[in-house]
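Here are a few exercises to work through with the model open beside you. Try each task on your own before reading the solution.

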Amino acid sequence: MIEIENITKRYGDAEVVSDVSFVVEPRTVTVIVGTSGSGKTTLLRMINRLVEPTSGTIKLDGRDNRAMPAYELRRHIGYAIQGHGLFPHRTVAQNIATVPVLLGWEKSRIDARVEELLSLFQLDPAIFGPRYPHELSGGQQQRVGVARALAAEPNVLLMDEPFGALDPVIRAKAQDDLLAIQKRFGTTIILVTHDMEEAIHLGNRIAVMDEGRLIQYATPAEILAKPATAFVETLIGAGDRPFRFLSLNEVGEAVEPGTAEGEALPVTVTQRDALAELLWSGRTALPVEADGKRIGRVTVEGLIKRAARPA
Amino acid sequence: MKLSLPVFLRLFVLALLICFLVRPDWFEPVFKPLTQNNAPVIYNHGSLLTLTLQHLRIVFIATSAAAAVALALAILVTRPIGAEFLPLSRSLVNIGQTFPPVAVLALAVPAIGFGEKPTLIALFLYGLLPIFENALTGLTNLPVAVVEAARGVGMNERQRLVKVELPLALPVILAGIRLSVVISLATATIGSTVAAKTLGEVIIAGLISNNLAFVLQGGLIVGILAVLIYDGLSAVERMLARRMGLSVARAA
Ligand SMILES: Nc1ncnc2c1ncn2[C@@H]1O[C@H](COP(=O)(O)OP(=O)(O)OP(=O)(O)O)[C@@H](O)[C@H]1O
Ligand SMILES: [Mg+2]
């Protein structure tokens with residue numbers, strides 16, 4: 001659990017983060033969104049004390065994060081820096097091994113971990129391990145940066161725009177990988193992004209920042225349904241809102257009794273994807289199947305109702 | 001490594017130099033036209049090879065000491081605790097450079113006598129500035145994201161210095177050492193005026209006896225040494241920089 005209590009950061013006269021408080025539950029993903037310069041990075045860096053707050057406290061599992069030396073603390077908190085920050089004079093494998101080496105892991109364990117992480121991020125260990133960072137593409141560098149942050153199996157992972165340089169295909173893949181990793185290790189993740197789509201996809205909760213203040217801290221559904229201010233509403237984008245809303249849930253929840261013509265949709269696709277498929281195929285209803293068995297159908301009319309603002 | 005033309009040329013020059021140092025008499029015909037009245041063609045007051053090694057030794061000792069001190073100073077003033085000494089150490093090192101080596105010799109001899117020591121002091125003082133300035137440049141112009149990452153992964157101050165900052169600054173630091181070595185190689189010749197064993201002896205002997213061949217031999221050996229060492233160190237810098245993905249070392 002991460003408790004952020006009345007955190008304020010001032011640089012000279014400028015208040016960059018103003019009295020922010022929220023609690024991140026263990027084993028969840030919290031996404032911080034906001035416009036450029038709204039204090040997201042600063043807030044994130046106060047958690048691992050790369051920045052010291054002007055006032056307020058941050059507790060990790062009940063312990064003040066100032067209870068141990070800063071470098072000690074940082075070895076137990078993964079940090080994927082904005083713009084990757086790989087060490088240019090060290091190979092990819094050495095970069096990933098950084099924190100395990102600092103923690104004094106055995107060599108065989110380090111090697112195994114490096115190999116595991118590279119494979120996890122679709123980078124062949126034999127090819128990419130011995131390369132230097134400048135010999136990778138921007139997207140590969142970013143994945144190595146995330147792998148380095150994960151290397152020592154930290155309970156808490158801070159990520160600053162980790163997928164910024166990835167193309168949409170790899171990006172979606174990396175997001176799903178991250179969620180899989182998060183589930184597997186039970187990591188608590190705080191992730192910063194500009195991208196509301198990413199926030200809704202990844203976040204159990206979303207923290208919206210504007211000019212250093214926390215405007216809203218809520219689940220994606222709540223943020224979409226009841227944006228706290230006009231600013232949050234603009235961030236969501238009025239045009240995309242109903243579709244984003246549909247993207248939160250799987251089609252299974254929208255199944256109606258009955259049958260329909262056409263190719264069946266798997267029960268696990270999102271309602272947004274189901275609607276898209278309906279519109280694209282020109283039908284008003286499609287069958288839905290689970291484990292190869294048809295369990296009902298989904299209709300355009302039914303989905304449209306679900307896309308409407310909740311009362 | 002492929003034996004490209006530049007590499008071949010350097011190896012050839014090196015071989016020529018070694019030949020000349022070991023068997024200078026082979027080169028008599030080359031220098032013969034520069035002498036008059038049957039004066040000796042090849043320097044004959046001692047072995048050229050020994051003098052060259054002694055010359056290199058003085059340069060090596062002086063530059064190593066200058067490098068150690070300049071680097072230590074640069075590291076100190078780029079740490080938070082030493083920051084306030086930056087202006088002071090800058091001026092000290094600058095004085096070392098602006099004070100002519102000849103003047104250092106003139107002042108040092110009465111104090112510590114003739115021989116190698118005054119020369120070492122003069123070369124040491126003269127060599128500090130390029131190394132210090134380059135180390136300072138290297139240690140203060142590190143990529144911000146990389147330094148942040150070093151803090152972010154939990155390195156303490158010493159680990160950051162040893163594992164990240166120094167390796168990243170190394171090409172620039174080496175460039176400073178290279179400049180210092182080359183300056184010292186040339187400057188060391190004046191050490192012979194206070195009885196240090198350097199190649200200056202050959203040049204001075206030539207000047208005294210009006211023997212152009214001697215002057216040229218001393219000058220050529222120093223010049224070729226400087227070019228080869230300069231070249232070799234540049235190659236090391238380039239290799240390091242290339243490995244890090246920097247196009248060229250940011251040499252000062
Ligand atoms: N060390 C510093 N000294 C002074 N001002 C700073 C410092 N670091 C950040 N700021 C200011 O604090 C504000 C917030 O910066 P921060 O990096 O937290 O923004 P951000 O939300 O992460 O923006 P982006 O999305 O562009 O990364 C900015 O106006 C920035 O100029
Ligand atoms: Mg930022």
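**Exercise 1: Where two chains meet**

Task: Find how many residues chain A and chain B each bring to their contact, and say which residues of chain A lose the most area.

Solution. Start by counting: 24 residues of chain A and 20 residues of chain B take part in the contact. Keep in mind that this is a predicted model. Next, turn to area. The size of an interface is often expressed as the accessible area lost when the parts come together. Here chain A and chain B bury about 1900 Å² between them, with 61% of that coming from carbon and sulfur atoms. Finally, look at the chain A side: Phe87(A), His89(A) and Leu102(A) lose the most area to chain B, and together they make up 28% of what that side buries.

**Exercise 2: The partner chain**

Task: Describe the secondary structure of chain B and the span of its C-alpha trace.

Solution. Count the elements and you get 10 helices and 0 strands in chain B. Read from the N terminus, the order is therefore simply α-α-α-α-α-α-α-α-α-α. For the span, the C-alpha trace of chain B covers about 75 × 55 × 20 Å along its principal axes.

**Exercise 3: Two domains in one chain**

Task: Locate the domains of chain A and work out which residues of domain 1 supply most of the area buried against domain 2.

Solution. First set the bounds: domain 1 of chain A runs over 2-237 and domain 2 over 243-307. Their C-alpha centres lie 34 Å apart. Then check the contact, where 9 residues of domain 1 of chain A meet 5 residues of domain 2 of chain A. These two domains bury about 570 Å² between them, 60% of it on carbon and sulfur atoms. Within domain 1 of chain A, Glu197(A), Ile200(A) and Leu224(A) supply 67% of the area buried against domain 2, more than any other three residues.

**Exercise 4: Around the ligand**

Task: Say which residues come nearest to ligand 1, and then list polar contacts made by its oxygen atoms.

Solution. Begin with the shell of 13 residues, in which Ser36(A), Lys40(A), Thr41(A), Thr42(A) and His194(A) come nearest to ligand 1. By type, the shell splits into 2 nonpolar, 9 polar and 2 charged residues. Helix α1 (residues 40-47) of chain A gives the most to it, with 3 residues.

Now apply the 3.5 Å limit for a polar contact:

- Gly37(A) has a backbone N or O atom 2.8 Å from an oxygen atom of ligand 1.
- Ser38(A) has a polar backbone atom 3.2 Å from a ligand 1 oxygen atom.
- Glu161(A) places a side-chain N or O atom 3.5 Å from an oxygen atom of ligand 1.

To finish, consider cover: on its own ligand 1 has 640 Å² of accessible area, and the protein covers 58% of that.

Key: Residues numbered from 1 in each chain as written. Chains lettered and ligands numbered in written order. Predicted model: local features only at pLDDT ≥ 70, side-chain atom pairs only at ≥ 80, totals over all residues. Heavy atoms only, no water. Near = heavy atom within 4 Å. Polar contact = N/O pair within 3.5 Å; in protein donor to acceptor, adjacent residues only side chain to side chain. Areas by Shrake-Rupley, 256 points an atom, 1.4 Å probe, with all protein chains shown as cover. Helix = DSSP H or I, 4+ residues; strand = E, 2+ residues; numbered from the N terminus. Nonpolar A, V, L, I, M, F, W, Y, C, P; charged D, E, K, R; others polar. Domains from an automatic or database assignment. Contact = heavy atoms within 4.5 Å. Buried area = accessible area lost by both parts, 1.4 Å probe.
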